[in-house]
Amino acid sequence: MFEKKIISPIRVLIIDDEASFTRMVKLNLESAGSYTVQTLNESPQARIVAKQFKPDIILLDVVMPEADGGDVATSIRESDATKNIPIIFVSAMVSRKESQRGLYESGGEHFLAKPVDTDTLVDAIDKVLHYRISNIKHNTE
């Protein structure tokens, strides 16, 4: 008999002030595969929610009314409990040309252009998490 390997779902936290966007992305990711998704539409709560939910990755809008994505990322990275969670900024400020229809990197940060289709988003999450795991293994050897 073959033993079935159980793969834990990837925990994704989506932080965006547009509830319709977070709802759509949550539904799309959960139907696409092995994802557990939590959404947050109030950016000042991000650090607390990230500590409680313990996501594997965060999808973060850049332009939000209460605290912009840069401030939210800084707050998340100030806490020992959340500082190593990879972040993909998802923003309408990144053009399709810049993102080349996929993940765009600048200054050590990852970006995706809005709107983003599910295949592109899943691919970006896989790339960022694979890159992070590769670096962890490399740094511990």
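The following conversation walks through the fold, cores, helix packing and charged pairs of this predicted model.

Trainee: Before we start, which ground rules apply here?
Mentor: Residues are numbered from 1 along each chain as its sequence is written, and side-chain values use heavy atoms, leaving out hydrogens and water. As the model is predicted, local features need pLDDT of at least 70 and side-chain atom pairs count only at pLDDT 80 or more, while totals for chains, interfaces and linings use all residues.

Trainee: Thanks! What pattern does the chain follow along the sequence?
Mentor: Helices (H or I, at least four residues) and strands (E, at least two) are DSSP runs, numbered from the N terminus. The chain has five helices and six strands. Read in sequence order, they give β-α-β-α-β-α-β-α-β-β-α.

Trainee: Which element gives the most to the largest nonpolar core?
Mentor: A nonpolar core is a set of buried Ala, Val, Leu, Ile, Met, Phe, Trp, Tyr and Cys residues joined through side-chain atoms within 4.5 Å; buried means under 20% relative accessible area, exposed over 50%, and partly exposed in between (1.4 Å probe, protein chains only). The largest core here has 20 residues, and Val 12, Leu 29, Leu 59, Ile 88 and Ile 125 have the most contacts inside it. Elements giving two or more residues include strand E1 (10-15), helix H1 (19-32) and helix H5 (118-140). With six residues, the top contributor is H5.

Trainee: And which residues does Ile 125 touch?
Mentor: Contact means heavy atoms within 4.5 Å. Not counting residues up to four places away in sequence, the partners of Ile 125 are Ile 10, Val 12, Leu 29, Tyr 35, Ile 57, Leu 59 and Ile 88.

Trainee: Within what arc do the buried residues of H3 fall?
Mentor: Helix H3 (residues 69-78) has Gly 69, Val 72, Ala 73 and Ile 76 as its buried residues. The arc is taken from the directions from the helix axis to the C-beta atoms. Seen down the axis, these residues line one face of the helix, because they fall within an arc of 100°.

Trainee: What covers that buried set on H3?
Mentor: Here we look at the elements in contact with the buried residues of H3. The cover includes helix H2 (46-53), E1, E3 and E4.

Trainee: Which peptide bond is cis?
Mentor: Most peptide bonds are trans, which makes this one worth a look. Pro 115 lies in the loop between E6 and H5. With omega near -10°, the cis bond runs from Lys 114 to Pro 115.

Trainee: Is Lys 54 buried or exposed?
Mentor: Lys 54 sits in the loop between H2 and E3. Although not a glycine, Lys 54 has a positive phi of about 55°. With a relative accessible area of 59%, Lys 54 is exposed.

Trainee: How many salt bridges does the count come to?
Mentor: A salt bridge is a side-chain nitrogen of Lys or Arg within 4 Å of a carboxyl oxygen of Asp or Glu. One of them joins Lys 26 to Glu 30, with the closest N and O atoms 2.9 Å apart; both residues lie in helix H1, four residues apart. Asp 16, Glu 18, Asp 61 and Lys 114 are linked in a network. The count comes to eight.

Trainee: Which residue forms a salt bridge with Arg 47?
Mentor: Arg 47 is in helix H2 and its partner, 31 residues apart, is in helix H3. The closest N and O atoms are 3.7 Å apart, and the partner is Glu 78.
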